[in-house]
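Student: I would like to learn how to read the features of a protein model, step by step. Could you take me through one?

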Amino acid sequence: MCSEASGDVMRHWMTTLWVLTLGGVLMCGTVMMHMAKSMPSLLVVTVATEETDGLKRLKRTADANDIRLKIFGMGEKWQGGNTRIEQGGGQKIRILRKSLEEYKDRNDLIILFVDAYDVIFWGNEEQILRKFFTFFDGFRVVFSSEPFCWPNKNLAPKYPLVNFGCRYLNSGVFMGFAPEIWSLINYKDVEDNDDDQLYYTHLYLDEKIRVSLSS
């Protein structure tokens with residue numbers, strides 16, 4: 001399986017890694033104690049059908065940060081197109097549907113999806129969760145973002161304005177509560193060679209769906 005087709009690989013790194021680049025945040029002790037008691041569990045997942053240098057790098061950084069990474073789809077024939085040069089990747093959504101069903105009712109679980117071949121981890125599970133609840137408290141699902149509207153640039157005017165970061169959705173990293181992630185990946189039918197980023201983009205641009213999944 002090839003990596004997400006959002007331009008060159010380095011640009012994709014720059015836009016997806018912001019969720020996983022975890023610097024320090026000052027918090028009062030009482031808040032930290034409360035968060036430690038009530039913090040949901042974290043499930044970190046990726047989809048990969050073959051072992052590549054990118055996947056090996058992802059696994060090394062997961063091990064270095066004590067992240068328990070689940071890899072779905074290994075050994076399956078990739079039929080999602082060459083996403084480095086064309087649209088595709090819908091097969092990732094189908095694999096996630098098959099693999100995440102057992103978690104669909106877990107309100108105490110946060111799922112973090114990362115692309116397999118062009119992402120690295122730079123923090124442990126506790127840091128990732130603390131960042132999620134510090135910067136996105138009250139939101140049920142968040143996506144990484146990028147400065148370019150891919151794969152359909154004609155959709156750019158339909159994007160809502162944002163308060164920080166880039167405006168356009170990037171599906172290489174997303175994170176949220178398990179029931180909402182399950183709803184997200186099951187909203188509509190998708191073929192293996194459909195574009196996964198376009199699938200999520202259409203959901204994001206639907207205001208009713210966006211509101212239902214973000215708060």
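Tutor: We will go through a pocket, a helix, the cysteines and two backbone details in turn. Please keep in mind throughout that this is a predicted model.

Student: Where should I begin with the empty space, and how much of it lies in the largest pocket?

Tutor: The general idea is that rolling a probe the size of a water molecule over the atoms shows where empty space is left. In this structure, the largest pocket holds about 710 Å³ of space. Its lining is made up of 27 residues, and those closest to the centre are Phe139, Val142, Phe143, Val162 and Tyr204.

Student: Which elements supply at least two residues each to that lining, and how do the residues of the lining divide by character?

Tutor: Two strands and two helices do so, namely S4 (141-146), S5 (168-177), H7 (196-205) and H8 (207-214), and the largest share, five residues, comes from S4. By character, the lining divides into 20 nonpolar residues, five polar ones and two charged ones.

Student: Turning to helix H4, how many of its residues are buried?

Tutor: In general, an α-helix has 3.6 residues a turn, so residues three or four places apart point the same way. Helix H4, which spans residues 90-100, is mostly covered, with nine of its eleven residues buried. Among them are the nonpolar Ile93, Ile95, Leu96 and Leu100, but Lys92 and Arg97, which count as charged, are buried as well.

Student: What covers the buried residues of H4?

Tutor: The cover includes strands S1 (41-47), S2 (69-72), S3 (109-114) and S5, together with helices H6 (178-185) and H7. Strand S5 and helix H7 therefore appear in two settings, since each also supplies at least two residues of the pocket lining.

Student: How many disulfides does the structure hold, and are Cys149 and Cys166 buried or exposed?

Tutor: The structure holds zero disulfides. Cys149 is buried because its relative accessible area of 14% falls under the 20% cut-off, whereas Cys166, at 31%, is partly exposed.

Student: Finally, what should I look for along the backbone?

Tutor: Two angles deserve a look, omega and phi. The peptide bond from Trp150 to Pro151 is cis, with omega near 0°, and Pro151 is found in the loop between S4 and S5. Asp66, a residue other than glycine, has a positive phi, near 55°. Asp66 sits in the loop between helix H3 (53-64) and S2, and with a relative accessible area of 64% Asp66 is exposed.

Terms used:
Residues are numbered from 1 along each chain as its sequence is written. This is a predicted model: local features need pLDDT of at least 70, side-chain atom pairs count only at pLDDT 80 or more; totals for chains, interfaces and linings use all residues. Side-chain values use heavy atoms; hydrogens and water are left out. On a 1 Å grid over the protein atoms alone, a cavity is a set of points where a 1.4 Å probe fits but cannot get out, and a pocket is an open set with protein on both sides within 12 Å along at least five of seven lines; lining residues have an atom within 4 Å of a point. Grid points are joined across faces, edges and corners, and a volume is the space filled by probe spheres set on the points. Helices (H or I, at least four residues) and strands (E, at least two) are DSSP runs, numbered from the N terminus. Buried means under 20% relative accessible area, exposed over 50%, partly exposed in between (1.4 Å probe, protein chains only). Contact means heavy atoms within 4.5 Å. A disulfide is a pair of cysteine sulfur atoms within 2.5 Å.
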